[in-house]
Amino acid sequence: MFKNFFYIFFLITPTTLLGNEPKDWQLGFQKSASKSMSDIVWFHDYMLLPIITAITAFVLFLLLYVCVRYRASRNKIASTTSHNTIIEVIWTLVPCLILIVMAVPSFKVLYSQDEIPKADVTIKAIGYQWYWGYEYPDENIIFDSYMIADKDLKENQPRLLTVDNEVYVPVNKVVKVMITANDVLHAWALPSFGVKRDAVPGRINETWFKAERTGTFYGQCSELCGIKHAFMPITVNVVTEDEYNKWLEEAKVKFAKDEIKNNIKIVKKIKDLR
Ligand SMILES: [Cu+2]
């Protein structure tokens with residue numbers, strides 16, 4: 001009994017109480033951490049949901065009304081009416097108007113996601129079968145981000161969402177994300193930021209977000225990409241400017257060196273071949 005109550009409580013819990021990762025029995029969105037996501041949540045909660053509910057209730061009412069009012073026992077002789085101009089005009093115009101009303105805020109959200117403001121930090125996310133690779137082109141940082149297996153998880157690390165090398169971004173800064181893939185289609189998605197873009201081999205898609213609070217945020221590959229599609233999570237740590245700069249210094253040592261060494265090796269090889 002108590003368990004059921006608990007489940008129901010979770011189903012009706014407002015989305016604002018939920019954290020930065022998916023929860024059991026979650027129904028709404030994850031808690032928003034960017035303006036973009038707040039706009040999406042507003043659009044869903046205060047525009048789409050009321051309209052959908054009203055239409056569903058209205059159609060249900062009409063069905064029930066017709067079932068009762070025009071039942072066979074009450075209408076021994078069936079009506080032969082087949083046209084009613086006024087009603088036909090109404091049921092064409094009203095849905096059109098509803099769509100137009102919905103389209104205005106919808107396009108606003110869509111375009112705000114598409115127009116990238118001047119970026120403070122640029123990161124590049126590359127989808128591989130089956131992990132994400134990241135580059136900070138301005139900082140010469142390149143690293144891969146693999147999921148941590150269940151048996152290696154530490155306490156408080158969520159299953160299937162924790163990675164070995166996390167992405168770090170500063171809070172309240174515009175982060176531009178360039179997204180591409182190396183083998184098949186993937187999609188870089190972070191629900192709390194309202195970000196989801198396909199990662200397409202040979203093509204760069206761009207999006208952006210501005211995280212409004214610090215914390216660890218989780219996302220997953222959102223394009224069916226193969227057998228381990230479910231095992232290439234995305235973890236982004238939003239930190240303060242100071243913490244970010246500190247991480248940058250460490251990351252430049254930790255990640256950049258191998259890459260530079262590798263590049264030197266490759267250049268040497270090419271030279272030798274010539
Ligand atoms: Cu994928």
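These notes cover a predicted model, taking its sheets, one loop residue and one helix in turn.

1. Open sheet. Five strands make up an open sheet, ordered 3-2-1-5-8, with mixed pairing. Its edges are strand 3 (141-145) and strand 8 (205-210), each of which pairs on one side only. From one strand to the next the twist averages 25 degrees.

2. Strands 1 and 5. Within that order, strand 1 stands between strand 2 and strand 5. Strand 1 (residues 121-128) and strand 5 run parallel and are joined by seven bridges. One point for checking the register is G127, which stands opposite A181 in strand 5.

3. Strand 10 and its partners. Strand 10 is paired with strand 4 (residues 167-170) through four bridges, and these two run parallel. Strand 9 (residues 215-220) also pairs with strand 10, here in the antiparallel sense and over six bridges. Both senses are expected options: strands of a sheet pair through backbone hydrogen bonds, either parallel or antiparallel.

4. Register at strand 10. On the strand 4 side, V169 stands opposite V238. For T216, the bridge partner in strand 10 is N237.

5. Burial of strand 10. Is strand 10 largely enclosed or largely open? Strand 10 (residues 233-239) has seven residues, and five of them are buried, so the strand is largely enclosed by the rest of the structure. The cut-off behind this is 20 or more other C-beta atoms within 10 Å of the residue's own.

6. K173. This lysine sits in the loop between strand 4 and strand 5 (174-181). It counts as partly exposed because it has 15 C-beta neighbours inside 10 Å. Leaving aside residues up to four places away in sequence, K173 touches D120, V121 and K210. Of these, V121 belongs to strand 1 (residues 121-128), and K210 to the edge strand 8 (205-210). K173 and T240 lie 67 residues apart in sequence, yet their C-alpha atoms are 9.9 Å apart in space.

7. Helix 3, span and kink. Helix 3 (residues 85-114) is 30 residues in length, and the distance from its first C-alpha to its last is 43 Å, close to the 44 Å expected at 1.5 Å a residue. The helix nevertheless has a kink of about 30 degrees at A103, shortly before the proline P105.

8. Helix 3, exposure. How many of the 30 residues of helix 3 are buried? The number is one, so helix 3 lies largely in the open. Strand 10, by contrast, has five of its seven residues buried.

Notes: Residues numbered from 1 in each chain as written. Predicted model: local features only at pLDDT ≥ 70, side-chain atom pairs only at ≥ 80, totals over all residues. Buried ≥ 20, exposed ≤ 12 C-beta atoms within 10 Å, placed from the backbone. Pairing = 2+ DSSP bridges. Contact = placed C-beta atoms within 7 Å. Axes fitted to C-alpha atoms, helices over the stretch in contact; angles between N-to-C directions. Expected span 1.5 Å × (residues − 1). Bend = angle between axes of the 7 residues up to and from the residue.
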